[in-house]
Amino acid sequence: MIIKTADFICSNTQISKLPPAEKPEYAFIGRSNVGKSSLINMLTAKKGLAKTSQTPGKTQLINHFLVNDNWYLVDLPGYGYARISKSKKEDWDKFIRNYLTKRESLQCVMVLIDSRLEPQKIDVEFCNKLGEWGLPFVLVFTKADKQSNTKTDQNIAKFKKALLATFEEVPDCFITSSENGIGRDEVLNFIDGVNATFVKPVL
Ligand SMILES: Nc1nc2c(ncn2[C@@H]2O[C@H](COP(=O)(O)OP(=O)(O)OP(=O)(O)O)[C@@H](O)[C@H]2O)c(=O)[nH]1
Ligand SMILES: [Mg+2]
């Protein structure tokens with residue numbers, strides 16, 4: 001897929017204020033600091049489109065970016081960020097859950113996992129929750145530039161194994177690096193393929 005345009009549309013916490021659900025959309029979620037916003041910038045080849053930071057907890061809203069006037073990338077706050085108040089965390093969990101379970105045009109949840117780490121309980125539990133909600137998802141392993149391919153492959157194999165405790169089959173997996181562009185074509189091809197099957201929801 002060739003990216004011709006990528007534009008910020010809006011930030012929200014209320015799903016009633018989101019753009020009309022008439023284009024396919026893909027939500028990027030994962031632990032705080034895993035690289036969601038960086039990946040969105042890498043995929044669109046637009047540095048600074050989504051705000052990134054070395055400090056976890058940067059993205060705090062549901063952010064819609066329109067690509068090629070045809071589909072949305074959605075940047076979400078990270079889960080598992082310890083340094084926010086309990087009530088704020090509950091707020092985030094609530095609007096993220098609301099968004100994920102109610103958004104009719106959501107085609108796939110892109111679950112970002114830090115490829116440097118052994119399976120983390122919070123990530124496995126989040127995948128299980130998506131399974132319970134019946135939402136399609138894929139795994140996107142991030143920061144692959146930070147260690148050897150062998151290490152990345154080992155961590156992915158362990159993560160798949162952890163998911164097989166609850167799932168019958170593992171979802172599609174992508175290896176990415178926002179630093180050197182690894183995985184960009186694969187993720188965009190995947191999105192292109194799903195876009196082709198999109199049927200506008202009856203609202
Ligand atoms: N080396 C390397 N660093 C990365 C990569 N992706 C993200 N980073 C760095 O990781 C940090 C966090 O990146 P963000 O994209 O802001 O992470 P996020 O998941 O959006 O974080 P929150 O919005 O806080 O939840 C930044 O310092 C990025 O430069 C990558 O593929 N390789
Ligand atoms: Mg972010």
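Among contacts in the protein between residues at least 6 apart in sequence, what percentage join residues at least 24 apart? I began my notes there, and the figure I wrote down is 74%. Before going further I recorded that this is a predicted model, so that every entry below is read as a description of computed coordinates.

**Overall build.** I counted five helices and seven strands in the protein, and reading along the sequence I noted the pattern β-β-α-β-β-α-β-α-β-α-β-α. For the extent of the C-alpha trace I entered about 45 × 40 × 35 Å along the principal axes. I then compared the radius of gyration with the expectation for a compact globule: with 203 residues that expectation is near 17 Å, and the protein has 16 Å, which agrees. Buried residues make up 34% of the 203 residues.

**The sheet.** I traced the seven strands through an open sheet and found the order β1-β3-β4-β2-β5-β6-β7, with mixed pairing. At the edges I placed β1 (6-12) and β7 (173-175), each of which pairs on one side only. On average, with direction ignored, neighbouring strands of this sheet are turned by 25° against each other. As a reminder to myself, strands of a sheet pair through backbone hydrogen bonds, in either the parallel or the antiparallel sense.

**Strand β4 and its partners.** I looked up β4 (residues 71-75) next, and found it paired with β3 (residues 62-67) in the antiparallel sense over five bridges. Within this pairing, L66 has Y72 as its bridge partner, and H64 stands opposite V74. The two strands form a hairpin with three residues between them, and in the turn I noted N68, which has a positive phi of about 50°. With β2, by contrast, β4 runs parallel, and four bridges join the two; here E25 stands opposite Y72. I entered Y72 under both headings, as it is the partner of L66 and also faces E25.

Is β4 enclosed or open to the outside? Five of its five residues are buried, so the strand is largely enclosed by the rest of the structure. Following the side chains, I saw W71, L73 and D75 point one way, while Y72 and V74 point the other way, and all are buried.

**Helix α1 and ligand 1.** I found that α1 (residues 36-44) lies across β1, β2 (25-30), β3, β4, β5 (106-114) and β6 (137-142), and that α1 runs at about 140° to β2. The same helix came up when I turned to the ligand, since the largest share of the shell around ligand 1, three residues, comes from α1. In total 23 residues surround ligand 1, and the closest are G35, S38, T52, T59 and G78. Sorting the shell by class, I obtained three nonpolar, 14 polar and six charged residues.

**Residue K146.** My last entry concerns K146, which I located in the loop between β6 and α4 (149-163). Why does K146 count as partly exposed? I found 13 other C-beta atoms within 10 Å of K146, and because a residue is exposed at 12 or fewer and buried at 20 or more, this count falls in between. I also checked K146 against S177: the two are 31 residues apart in sequence and 8.6 Å apart in space, C-alpha to C-alpha.

Key:
Residues numbered from 1 in each chain as written. Chains lettered and ligands numbered in written order. Predicted model: local features only at pLDDT ≥ 70, side-chain atom pairs only at ≥ 80, totals over all residues. Pairing = 2+ DSSP bridges. Axes fitted to C-alpha atoms, helices over the stretch in contact; angles between N-to-C directions. Contact = placed C-beta atoms within 7 Å. Near = placed C-beta within 6 Å. Nonpolar A, V, L, I, M, F, W, Y, C, P; charged D, E, K, R; others polar. Rg over C-alpha atoms; globule rule 2.2 N^0.38 Å.
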